[in-house]
Amino acid sequence: MSILGKDFICTEDWELNEILRVLALASEMKKDPCNPRWVTALKYKSFLMLFYNPSLRTHMSFETAICELGGTAICRNPEMNWKKSKNGLSSSEALKDIARVISRYVDGVGIRITMDAVSRYGDGHKFIRDFAHFSDVPVIGMADDRVHPCQGLADIMGWSERYSPNGDVDSLKGKTLLLTWGSSGFTRPLASVQSHLLLASKLGMNIKIAYPEGYELDGDVCEQTRKNCKKNNATYEVLHDSNSGYEGAHVVYARNWVTRDAYENGEFQFQKEINRAFSFKDWIVTEEKMKRTEKAIFANPMPIDRGREAEDAVIESEYSVIYDVAENRKHTQKALLSLILGEVK
Amino acid sequence: MSILGKDFICTEDWELNEILRVLALASEMKKDPCNPRWVTALKYKSFLMLFYNPSLRTHMSFETAICELGGTAICRNPEMNWKKSKNGLSSSEALKDIARVISRYVDGVGIRITMDAVSRYGDGHKFIRDFAHFSDVPVIGMADDRVHPCQGLADIMGWSERYSPNGDVDSLKGKTLLLTWGSSGFTRPLASVQSHLLLASKLGMNIKIAYPEGYELDGDVCEQTRKNCKKNNATYEVLHDSNSGYEGAHVVYARNWVTRDAYENGEFQFQKEINRAFSFKDWIVTEEKMKRTEKAIFANPMPIDRGREAEDAVIESEYSVIYDVAENRKHTQKALLSLILGEVK
Amino acid sequence: MSILGKDFICTEDWELNEILRVLALASEMKKDPCNPRWVTALKYKSFLMLFYNPSLRTHMSFETAICELGGTAICRNPEMNWKKSKNGLSSSEALKDIARVISRYVDGVGIRITMDAVSRYGDGHKFIRDFAHFSDVPVIGMADDRVHPCQGLADIMGWSERYSPNGDVDSLKGKTLLLTWGSSGFTRPLASVQSHLLLASKLGMNIKIAYPEGYELDGDVCEQTRKNCKKNNATYEVLHDSNSGYEGAHVVYARNWVTRDAYENGEFQFQKEINRAFSFKDWIVTEEKMKRTEKAIFANPMPIDRGREAEDAVIESEYSVIYDVAENRKHTQKALLSLILGEVK
């Protein structure tokens, strides 16, 4: 197995053992951040991050990850620089030229391009795939409108830390995940949710998805999740009730997401989505609901909408893993970058 | 005395001997920037700077300070990323969550949030205090609407370099500082002025403050300054005449500041403040005025408004310390960061 | 010959042997990027880049160059921070103060300020000269409205790599360059074009310049180019026909540029220039035209307007050097920075 030089755009592009290799190394790195085996893993290497959408966690966790491996992080908000030609009356540089030139300068590229940076569901994911096609250096997806594979890794690491003293990922096999939609004004893309469905099912978890009708997820992602469950003899269930599904759950993952067709004339309709989301106020995780689970942990990839996606008491509880998961973004990405771009002794 | 891990939000939070320790180390670092004792003081460490207001000196002096100590500087303009929810119709991430998550990624945080980034005098200072409350890593104030402690350190270092061959801070004890308001279109916050009043009085200088009526400083800051003077048997005087106070002065510090109540509906009224400041044209430091001092040095934390806060001849004179003070921002912050975050052998 | 500490604002400011020294070192560095002779050439050094105009290649090639030499790159978009005073009713910091303060923090400064960042042709170049006058540290031009000396170096390196196995610059002597204007919506400044005219003529190439009437280049630059040609016994010719000049050419360099007088009330008239450029559709490099050359290489400093400046087939051909030239930005700038700021063992 060689991960060196591979793109990481969707967890489904990778073999299970490749993903397990990343998670195992992430655990080692978390325990011993300054070990000489990795503190120079990115020496003389640079990694470019293109943020078509802003970010707190992704941006900061990548930047610190690169720094802790001895590399150089370069950040750009390209919509401010390169997307000059919206009306077609001027010119803009071809994607193939941008990707080829960038490949001459840096050792790897991360791209974040979600929902409101594009005009149609799926165009963000396509953009990253196209960029990777023309790039000579590896490309890592840092969240698009379809998937967020790095968030998926951090989730799994955070959950397995709670179910096994050594953070053994096998401990999640056979456990039940309830993914429940949350009312919120954050208008979150489907990316995090879909990536962790793919990954949790790949690792053998039973899947329950709960959301108000109208918030259907991407059909291809659901189909792949179902296949993964079947292969692992795990269950797959869809619910449309904010109060069901808690029984038997080991992980409750609450998260707002938008409807996929929320574009008008290519512009994402934020306020319309917010109004719609606010009309489903019962879709909140409460202490009462959590009591009906199998002492489940509570997860959310953040930002979390306090009082809407979950009650404060849930967020502040012992069983909440949200800050651990956020921290794990750094450790999983350190492992990923080391294996893709660098050298771990 | 251990400074390791302490916040630095206001000089009054620190003991005098702690501040003297920083200044002494800054002098050593200035003389010998590449000494192995400190070139790796921030190895594997990262420091996040949140700029709610832009900056030349603060930004660049922190960034180069961190680099010269072997650390990683991370910069953000968070108003572009995180302050999405102004109208209350959408959601925004809770400060406690931002602070907790950031604490998982970096080793320290600097925050700049002055006047026009907030809706009311004091809210910037409060924001930094609140952030520090939820942060697990030390927080340094990089200028708020109330104080600018790092500027204070650089001022004191620059002045004592002129009064003692070794930059001995004791040389300022018993000397007289004239702080005089300046006419300018820069609309400066009260922060620098108030920090150096607190610090100069703590170090035993006599204080004279001159400003047009209506430009009163923060009452709590004045009260603390008066107490510091009393404790040191130093004098404290307030004047309202642009031509007085020069007699007996050893340091003339000229600086524009705004009135504290210059908000309407939460928006800072720049043009109104500029018009008001321009109506006090005599409040300029001239060569003639400087001749009446005790061969005083001329200070200003910059940017300086040439021809308004001071005549060009004053700024370009031998007794002007403005560029030395600007440079000292770097050295004092290197000392501060080393002692708070790192390790000096 | 000592290059240490020199500004690099226009290639004409430097002796030929100084330029050859940079190009020779760039070739060495390209072959062996991690050689211990230069991986620490900028240790403890920082270089500030001021971008009054955004950039892909310049920005990224400088940032990676500095990183590969062990230095710290600091980037600013100063129009967002320091150009507050457009209406003259407020104040803005004097250029001399900005330059002097910056000199206290960093070891060198690069400035990019082209066309639309100024109100009149030539003001960008003048700004860099003025900044350098007040700066105590060396200044490198990263493109202004008149010249782009770093692009010139990368062009020459890319072309000579094709005419000599060792990239020997002498191989260009006596060869013929056709510089031809290109129809495009990119509204490019004259800087790249003028820098390579100056440099190619300095190195002994024959010069042919072709453009539609009205697109005259800077008279001083043309005069200097003519002088350089005369000194080297090379020819100099101007054409106004999109179809001529290919015969005998060894390098075809196609590039859009704007008219110099395209300002109205100090604002650059983009759409007017685009409409004008689009009216000259024959000014495109085609495979047919390239066949009439002496097996010429095809060059362009990018971004390139596919289907307007040149046909896709030309851009994708074996004789296209555009990506090599883009890559050479990094290598030539590494050599330049090492010799100006640092130390190559």
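## Helix packing between chains A and B

In this predicted model, helix α12 of chain A (residues 322–341) meets helix α3 of chain B (residues 95–105), with the two axes coming within 9 Å and crossing at roughly 35 degrees. The crossing of α12(A) past α3(B) is right-handed.

So who's touching whom? On the α12(A) side, the contact uses Tyr323(A), Ala326(A), Glu327(A) and Lys330(A). On the α3(B) side, the partners are Arg100(B), Val101(B), Arg104(B) and Tyr105(B). By type, the contact residues split into four nonpolar and four charged, with no polar ones.

## How the chains relate

What does it take to lay chain B on chain A? A turn of 120 degrees with a shift of 0.0 Å along the axis does the job, and the RMSD comes out at 0.0 Å. That's the relation of a three-fold axis.

If you want a landmark for that rotation axis, look for Thr72(B): of the residues of chain B, its C-alpha comes closest, at 5.5 Å.

## The sheet in chain C

Over in chain C, four strands make an open sheet, ordered β2-β1-β3-β4, with parallel pairing. The edges are β2 (72–76) and β4 (139–144) of chain C, each of which pairs on one side only. Ignoring direction, neighbouring strands in this sheet are turned by 15 degrees against each other on average.

Zooming in on one edge, β4(C) runs parallel to strand β3 of chain C (residues 108–113), and four bridges join the two. One pair to pick out there is Ile113(C), whose bridge partner in β4(C) is Asp144(C).

Definitions and conventions:
Residues are numbered from 1 along each chain as its sequence is written. Chains are lettered from A and ligands numbered from 1 in the order in which they are written. This is a predicted model: local features need pLDDT of at least 70, side-chain atom pairs count only at pLDDT 80 or more; totals for chains, interfaces and linings use all residues. Axes are lines fitted to C-alpha atoms, for helices over the stretch in contact, and angles run from 0 to 180 degrees between N-to-C directions. A crossing is left-handed if the near helix is turned anticlockwise from the far one by less than a right angle, and right-handed if clockwise. Two residues are in contact if their C-beta atoms, placed from the backbone, lie within 7 Å. Ala, Val, Leu, Ile, Met, Phe, Trp, Tyr, Cys and Pro count as nonpolar, Asp, Glu, Lys and Arg as charged, and the others, Gly among them, as polar. Copies are superposed by least squares on the C-alpha atoms of residues with pLDDT of at least 70 in both. Two strands pair if DSSP finds at least two bridges between them.
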